[in-house]
Amino acid sequence: MCGIVGYIGHRKAYPIIIKGLTRLEYRGYDSAGLALYDNHQIEISKTKGKVSDLEAKAAHLATSTSHLGMGHTRWATHGVPNDLNSHPHVSNSGNLVLIHNGIIENYDAIKTELVKRGYTFQSDTDTEVLVNLIEEVKKKENVKLGKAVQLALNEVVGAYAIVVFDLQKPDEVVVAKLGSPLAIGIGDQEFFIASDASPFIEYTTDALYLEDHEMAILKLGRPVKLRKIKDDAPATPNILELQLSLDQIEKGGYDHFMLKEIYEQPKAIQDTYRGRLRPEEGLVKMAGIDAHLERFLKAKRIVIVACGTSWHAGLVAEYIFEDLARIPVEVEYASEFRYRNPIIGPEDIVIAISQSGETADTLAAIKLAKEKGAFVFGVCNVAGSSIARATDAGAYTHAGPEIGVASTKAFTTQITVLSLMALKLAKEKGVLSTIDFHTYLNALAQIPAQVALALQADASIKEIAQVYKDAPNCLYLGRGFNFPVALEGALKLKEISYIHAEGYPAAEMKHGPIALIDDQMPVVVIATKRGHYEKVVSNIQEIKSRSGKIIAIVSKGDVTVRDLADHVIEVPETLDWLSPLVTTLPLQLLSYHMAVLRNCNVDQPRNLAKSVTVE
Ligand code: F6R
């Protein structure tokens, strides 16, 4: 994971780096560091902890007039988070400075060789090995930095986005990418480098996203020189105009990004509908499906691959696709799928779901599915991301940037896209009556307003959170379309509040988890009308008989569950298959308030990072 920022140009580098690192902190936050070229010297400051700790430690550099620098916020892979293991790393000669996002898998073998040649190492990182390998190649082959980087990277196995400069050539920065993202912002006589475009959005909207196996030499006064790492062949830069705006990446008055993103859901879903959901015309338009309709209609099976919250959205989609479009669906953890020799072929469609579009396991699963001849469709939030580019076709969730580490609006917009897809395919396959199709279109159209109504329970959810904030455990139960929502609710709680939580299909409780229930155990039950309401009410009775504390998510106006539960949270009533889009909201808010009341860092939970670019 990790976030990287670099700058070369006419502005002062320090504020660009610090601000950029703060924006990229969602990618990793266990240590941070920066390097500035100043007056023929390199100033380095590194520390365990967050970017704010770095800012305090590097305060003496704040006035630096340096116009060349780089910074890094780390999510540790090799070596514990401490000052020494933090990036940037410097080569033995003191000339080369490098930051790295990714993993060099064969670093141990390279290190052994370098040690034999007299190199010494201060840290336990693979990155320090890489910077010294580049130095060794540069010396041995007597080549310039760009060529040395290219040759060295051909010896490396693993993933990387790197930024490197040479103290002896301070008008040039070399960057390269394989597997980890790297964007270059192109200004007037200046270049910005970052893991995503957020660090430079206020300076330029011209950006270039490096492809895998590409490197670039950024020299002041020259256009970007793009090369293929394998054979050093020139490549043509594809410079895009960014659509990102500054307010999308700021908190906008909310205490946390997570809360802002929870509240953005009505708009995010509406944005995801835009141009696609057309109830007045009686159609769902999705270019990515229209272009490959035959394939979708002939598909024997859909296999969904994803991780974490995106996997939960995939599970919701399994229920929806099978119910509406009558296409068999399997949902796989990408990390399992990629290593288990799955039976998959040209008659299958693989749907890869990913907010970031950079998740390493999901990318590897896509690669495997393609090798086996499957058609791969991506559902991503980040335009131009690696997964968006690796898939054969796709549909974006237009949720806008999601910065809080706990995924919220990405989940509901993923379900939105997948619902539109299922509905469209059901119609095209002729397995849905016209009347049902129109009813469903209209129900979808109401969802943004219903999500906004669901948010009105926020204050009462906060009161419930106050009651249970010290609970050591929590159970989440749901059935049918809401079983994956129970899993998602439990994941949200554990990742940001560190309370142990489990999600189960409500009926499975009798097969084990019911043993956990006593008067100390809060049980969140999704018990909305329609679907399996009566069955869930029976499950609630079973919990109540064992003195469990029941927090029930119910449809507006419900009276039956109100009499049984300790707390009820009302959500507007919608169709059963669309209910995850409203039942998810109270669970997000509950976990948010529990975490805040427990003084947890909601936007940067411990040990986590927003995009998991290592396997
Ligand atoms: C949980 C969460 C993670 C991600 C997972 C996949 O709140 O954010 O579980 O869902 O790491 O990430 P993407 O969707 O970017 O592939």
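Thr 73 lies in strand β4, which spans residues 68-74. Strands (E, at least two residues) and helices (H or I, at least four residues) are DSSP runs numbered from the N terminus. The model is a predicted one, in which local features need pLDDT of at least 70 and side-chain atom pairs count only at pLDDT 80 or more, while totals for chains, interfaces and linings use all residues. Residues are numbered from 1 along each chain as its sequence is written, and side-chain values use heavy atoms, with hydrogens and water left out.

**Two single residues**

Thr 73 has a relative accessibility of 0% and therefore counts as buried (buried means under 20% relative accessible area, exposed over 50%, and partly exposed in between, with a 1.4 Å probe and protein chains only). Its side chain reaches the backbone oxygen of Gly 28 at 2.6 Å. Glu 141, in contrast, is partly exposed, because its relative accessible area is 43%. Glu 141 belongs to helix α4, residues 126-141. Its C-alpha atom is separated by 9.4 Å from that of Leu 151, and the two residues are ten residues apart along the chain.

**Aromatic rings**

Across the whole structure, a search finds nine aromatic pairs. Rings of Phe, Tyr and Trp (its six-membered ring) pair if their centres lie within 6.5 Å; planes under 30 degrees apart count as stacked, over 60 as edge-to-face, and the rest as tilted. One of the pairs joins Tyr 7 and Phe 192; it is tilted, with 5.0 Å from centre to centre and 50 degrees between the planes. This pair links distant parts of the chain, since Tyr 7 is in strand β1 (residues 3-8) and Phe 192 in strand β10 (residues 190-194), 185 residues apart. Tyr 7 and Phe 192 are both buried.

Trp 311 and Tyr 333 form a stacked pair, at 3.9 Å centre to centre and 10 degrees between the planes. Trp 311 lies in helix α10 (residues 308-325) and Tyr 333 in strand β18 (residues 329-333), so this pair ties together parts that are 22 residues apart in sequence. Trp 311 is buried, because its relative accessible area is 11%. Tyr 333 is partly exposed, because its value is 38%.

A single aromatic cluster is formed by Tyr 7, Phe 192, Phe 200 and Tyr 203. Charged groups also meet rings: the charged end of Lys 529 sits over the ring of Tyr 533, 5.4 Å from its centre, and that of Arg 606 sits over the ring of Tyr 498, 3.9 Å from its centre. A charge sits over a ring if NZ of Lys or CZ of Arg is within 6 Å of the ring centre and within 35 degrees of the ring normal.

**The ligand and its surroundings**

The ligand is surrounded by 15 residues, of which the closest are Ser 310, Ser 354, Ser 356, Thr 359 and Glu 495; a residue is near if one of its heavy atoms lies within 4 Å. By class, this shell has five nonpolar, eight polar and two charged residues. The table gives side-chain contacts with an oxygen atom of the ligand.

| Residue | Distance from a polar side-chain atom to a ligand oxygen |
|---|---|
| Ser 354 | 2.6 Å |
| Ser 356 | 2.6 Å |
| Thr 359 | 2.4 Å |

Taken alone, the ligand exposes 410 Å², and the protein buries 91% of that. The elements that give two or more residues to the shell around the ligand are α10 and α17 (483-497).

How values were computed
Polar contact = N/O pair within 3.5 Å; in protein donor to acceptor, adjacent residues only side chain to side chain. Areas by Shrake-Rupley, 256 points an atom, 1.4 Å probe, with all protein chains shown as cover. Nonpolar A, V, L, I, M, F, W, Y, C, P; charged D, E, K, R; others polar.
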